[in-house]
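I opened this notebook to keep track of what I looked up in one structure. The entries run in the order of my reading.

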Amino acid sequence: MKKILISILILFLLVQSSIAQQLDNAIDYAKLEKLIAFCDTTTEATEVLIFHKNKQIAYWKDADCDSVYMNTSSMVKSWTGLLIGILIDKKIIDSINAPVSKYVPEWKAGVENNITIKHLLTMTSGIKRRSGNQGILAEKDMYKYMINFEPDTLPGIQFGYSNESVQMLSMVIESATKMNANDAFSKYLFDPLEMDSSGLVRDSAGNYIVFGGARTTISNASKVGKLMEQNGKYKGKQIVSEQWLIESVSPGKLAPYYGYLWWIDNVSPNHNFAATGDGGQLTIIFPELDLIFLRNQKCFPKGGHKMPWMGPYFLNLIADIVIK
């Protein structure tokens with residue numbers, strides 16, 4: 001095992017303190033060490049951060065990776081879902097069932113097919129993901145690409161995960177707020193959560209991207225996890241309504257494993273929902289366990305962006321650190 005830096009708050013040396021004794025009763029430290037070792041040697045993670053009952057219990061970093069940043073990849077999709085909820089709460093966007101055409105009338109396909117914001121949030125807009133040279137990632141001007149985009153099917157027929165669906169929400173956000181997407185994220189999400197090291201990235205034409213690639217830190221990203229775990233509140237202030245969060249992590253009709261841009265796991269022994277990104281950018285919340293797990297992959301291993309370790313075994317390793 002390569003050398004690592006690990007900090008487990010309330011160390012065994014402090015077992016005489018009442019706080020430590022409380023944590024000892026809640027956390028299985030042997031299983032926590034096993035989880036960290038797995039993240040190190042098997043997943044080759046860059047960073048791991050874990051909270052239990054809103055208290056940081058572990059932070060680990062690969063000593064050979066000196067980057068302080070986290071590239072969210074598609075994890076930012078879930079953040080976009082939260083921002084849409086905030087804008088609906090504030091009546092800046094009419095409702096989840098509002099037609100996209102109200103905000104982006106120049107998207108003719110959206111007008112003709114009566115595609116709604118809910119269709120985009122649930123990946124049921126009829127837009128299938130394009131890959132390689134056919135996909136949005138290959139485009140220099142994503143706005144121009146999306147304005148001319150034609151869906152593959154009628155909306156509401158099937159689930160189809162795509163970057164394109166979420167990028168259309170960027171245009172909805174900018175139209176509704178009368179500001180660029182990054183400023184909207186800052187005003188309504190990043191600033192209220194004190195995410196001072198977070199921001200969206202842009203394409204070559206200057207369009208802000210909301211489906212992936214935002215720059216942040218694992219500490220900043222953890223605040224989104226706390227928001228979800230605390231029913232939409234951060235430091236006692238309601239940032240997004242509890243009702244929106246309930247709906248966000250409720251199974252969709254066409255995809256029981258997906259909500260409003262959040263992945264849902266009702267199959268594992270311990271229910272969880274997650275914001276996930278390519279390569280293993282993860283924010284996983286286990287609500288019944290009061291547990292938040294974050295993983296950052298900044299320095300990629302030989303296997304690249306593949307995640308063969310992601311699955312039931314890994315999820316159980318995380319959940320098992322909490323003594324039931």
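What follows are my notes on helices, cores, pockets and a cavity.

**Entry 1, ground rules.** I am working with a predicted model, where local features need pLDDT of at least 70, side-chain atom pairs count only at pLDDT 80 or more, and totals for chains, interfaces and linings use all residues. Residues are numbered from 1 along each chain as its sequence is written, and side-chain values use heavy atoms, with hydrogens and water left out.

**Entry 2, two helices.** I took helices (H or I, at least four residues) and strands (E, at least two) as DSSP runs numbered from the N terminus. Helix α7 covers residues 163-177, 15 in number, and reaches 22 Å from its first C-alpha to its last, close to the expected 21 Å. The expected span is 1.5 Å times one less than the number of residues. I then checked burial (buried is under 20% relative accessible area, exposed over 50%, partly exposed in between, with a 1.4 Å probe and protein chains only). Of the 15 residues of α7, 13 are buried, so the helix is largely enclosed by the rest of the structure. Lys 178, just after α7, takes a positive phi of about 60°.

Why is α9 largely enclosed by the rest of the structure? Eleven of its twelve residues are buried, so the surroundings largely enclose it. Among the buried ones I noted Lys 223, Lys 226 and Glu 229. Helix α9 (residues 218-229) reaches 16 Å, close to the 16 Å expected. Asn 231 follows α9 and has a positive phi near 55°.

**Entry 3, nonpolar cores.** A nonpolar core is a set of buried Ala, Val, Leu, Ile, Met, Phe, Trp, Tyr and Cys residues joined through side-chain atoms within 4.5 Å. The largest one has 76 residues, and Trp 79, Trp 107 and Ile 117 have the most contacts inside it. Helix α3 (residues 75-89) gives the most to this core, with nine residues. I looked up what Ile 117 touches (contact means heavy atoms within 4.5 Å). Not counting residues up to four places away in sequence, its partners include Ile 84, Ile 93, Tyr 103, Leu 169 and Val 172. A second, separate core of 29 residues includes Ile 27, Ala 58, Trp 60 and Ala 274.

**Entry 4, pockets.** On a 1 Å grid over the protein atoms alone, a pocket is an open set of points with protein on both sides within 12 Å along at least five of seven lines, a cavity is a set where a 1.4 Å probe fits but cannot get out, and lining residues have an atom within 4 Å of a point. Points are joined across faces, edges and corners, and a volume is the space filled by probe spheres set on them.

The largest pocket has a volume of about 620 Å³. It is lined by 34 residues, and Trp 263, Thr 276, Gly 277, Asp 278 and Met 307 are the closest to its centre. Strand β9 gives the most to this lining, with five residues.

The second largest pocket holds about 330 Å³. Of its 18 lining residues, Lys 118, Thr 122, Gly 252, Lys 253 and Tyr 260 lie nearest the centre.

**Entry 5, the cavity.** How many cavities of 30 Å³ or more does the structure hold? I found one. The largest cavity has a volume of about 40 Å³. Its lining includes Ser 74, Tyr 161, Trp 263 and Thr 276. Helix α3 gives the most to the lining of this cavity, with three residues.
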